[in-house]
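The following exercises concern burial, charge pairing and surface charge in a protein model. Each task is followed by a solution in steps.

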Protein chains: 2
Amino acid sequence: MIRVLLVEDDRDLAAGVLDYLELENMVTDHAANGIAGLNLIRSQRYDVIVLDLNLPKLDGLKVCEHARGEGHDTPILMLTARDTLEDKVVGFAQGADDYLVKPFAIEELVMRIRALANRRSGQVTRRAVGDLELDIRNREVTRLGQAVRVSPTTFRLFERLSRACPEAVSREDLMFAIWGEDQPDSNSLKVHVHHLRRQLAEAGSSVKVETVTGLGFRLNPDGEAE
Amino acid sequence: MIRVLLVEDDRDLAAGVLDYLELENMVTDHAANGIAGLNLIRSQRYDVIVLDLNLPKLDGLKVCEHARGEGHDTPILMLTARDTLEDKVVGFAQGADDYLVKPFAIEELVMRIRALANRRSGQVTRRAVGDLELDIRNREVTRLGQAVRVSPTTFRLFERLSRACPEAVSREDLMFAIWGEDQPDSNSLKVHVHHLRRQLAEAGSSVKVETVTGLGFRLNPDGEAE
DNA sequence: CCCGGCGTTAAGACAGGGTTAAACCGCTCA
DNA sequence: TGAGCGGTTTAACCCTGTCTTAACGCCGGG
């Protein structure tokens, strides 16, 4: 569940966005001016804050600045009608994590909110994929409460794939996720993918590792044909 | 992982930037003149292109113009010593996505590169043509939810055609889109067009590949006579 | 009637991916 | 200290689907 705070003074726009976000199973709060927004930021816990730049009482940049200054590290997405580069730069400098220029497609906003929430959820230690659950902190994978044995390398591979799921991840990205800078020069990745597949199959999981020819691999949570 | 192409003739500046970008885990290529840059754009895949305006052989604007003309939609960040409004306007008109005036802080460049790369990755990677949908990220084509099997090369061909649809694309452009620099010397393109046609027909799609004699090919979404 | 452009087909070369086993490495524990 | 062990890397091999090549068929225009 994603908690979103929207700070936006245009009531109509705000109402539309809130409706849509709630349809997407997000929990939303709303503030119509900067001061109210800042108070909510201080008192509640959010996964993402969507902040209009032009706000009554205290503008978006100031809100951003204050929030960061007070130690809040919740991802902030700036919303603005202005499109000048200066604003962008100032926005980023003030600690915004993303930017969206009005008018925007609501789907894009949702997508970016999800992206920001996920980025942060690197700190969240559990994630579900199909019938599997992976505990990132403890490097464990479980299915129906049963532990699935995976080696460290295989775990890193699975973690990266699950993060992108159901999108595909390129070989290069996978290599980087597993080994970082200096990577083995042979077909180690193939072997680990093979191990992962075998381990998932042995655990009886519905999750399948699919190959996208010429690109890389993808996790299919239900193992259904595409 | 972000792939960056830097086209810049000042060797010192380029070296500094490249070092820094690599420290930031970006994968970089470098070209010291416009022609070389354009060739790399044609043959490689980048997430962001950083383009100096003043370049030997072919200036930045021309490179930008050619790249866009050939259907590349990679975000381009223009780098320039000039700061006149006209330059910005011309740059944006030519298809640049962002602008940075020399001298600049390297951190700012990094910030903007990230912003451009994210904007793109947040961007929808699906495209519709007639009754087909193609998912560029996952390299797959679907019709009514059913996957249409296409080989990597056929996909590249289809992707390029769909990008121009309903305009025609010349043989040359198609060859570049599929093979980049070194292209096969025989009638491979004909064969792949044939494959594509057969696969579309087998999938029952209304989309037809039409021949423009002496020029190249064109996608007709509805298969109606012209 | 020949030529050039395009479409079609089949065969062989090739590459990408899958699989396996053995070597290797660091660790623990007798 | 050296045997055992789990994990990782390497290298070789196979298989399958894809790409390229080359040859041929078709058609319209000069």
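**Exercise 1.** Determine which residues of α7(A) are buried and what covers them.

*Solution.* Step 1: In α7(A), the buried residues (under 20% relative accessible area, with a 1.4 Å probe and protein chains only as cover) are A:Asp173, A:Leu174, A:Met175 and A:Ile178. Helices (H or I, at least four residues) and strands (E, at least two) are DSSP runs numbered from the N terminus. Step 2: The cover of these residues, counted by contact (heavy atoms within 4.5 Å), includes α6 (152–164), β10 (168–170), α8 and β12 (216–220) of chain A. Step 3: After α7(A) comes A:Gly180, with a positive phi near 70°.

The model is predicted: local features need pLDDT of at least 70 and side-chain atom pairs pLDDT 80 or more, while totals for chains, interfaces and linings use all residues. Residues are numbered from 1 along each chain as its sequence is written, chains are lettered from A and ligands numbered from 1 in the order written, and side-chain values use heavy atoms, without hydrogens and water.

**Exercise 2.** Locate the salt bridge of B:Arg137 and state the exposure of its two residues.

*Solution.* Step 1: A salt bridge requires a side-chain nitrogen of Lys or Arg within 4 Å of a carboxyl oxygen of Asp or Glu. B:Arg137 meets this criterion with A:Glu167, at 3.4 Å from N to O. Step 2: The pair crosses between chains, from the loop between β7 (132–135) and β8 (140–143) of chain B to the loop between α6 and β10 of chain A. Step 3: B:Arg137 is partly exposed (from 20% to 50% relative accessible area) at 32%, and A:Glu167 is likewise partly exposed at 27%.

**Exercise 3.** How are B:Arg163 and B:Glu159 placed relative to each other in helix α6 of chain B?

*Solution.* Step 1: Both belong to helix α6 (residues 152–164) of chain B, and because they are 4 residues apart, about one helical turn separates them. Step 2: An α-helix has 3.6 residues a turn, so residues three or four places apart point the same way. Step 3: Their side chains form a salt bridge at 2.9 Å, N to O. Step 4: B:Arg163 is partly exposed at 27%, whereas B:Glu159 is buried at 14%.

**Exercise 4.** Place B:Tyr20 and identify its contacts beyond four places in sequence.

*Solution.* Step 1: B:Tyr20 lies in helix α1 (residues 11–23) of chain B. Step 2: Its contacts, neighbours within four places in sequence left aside, are B:Ile106, B:Glu107 and B:Val110. Step 3: B:Tyr20 and B:Glu107 are 87 residues apart in sequence, with 8.9 Å between their C-alpha atoms.
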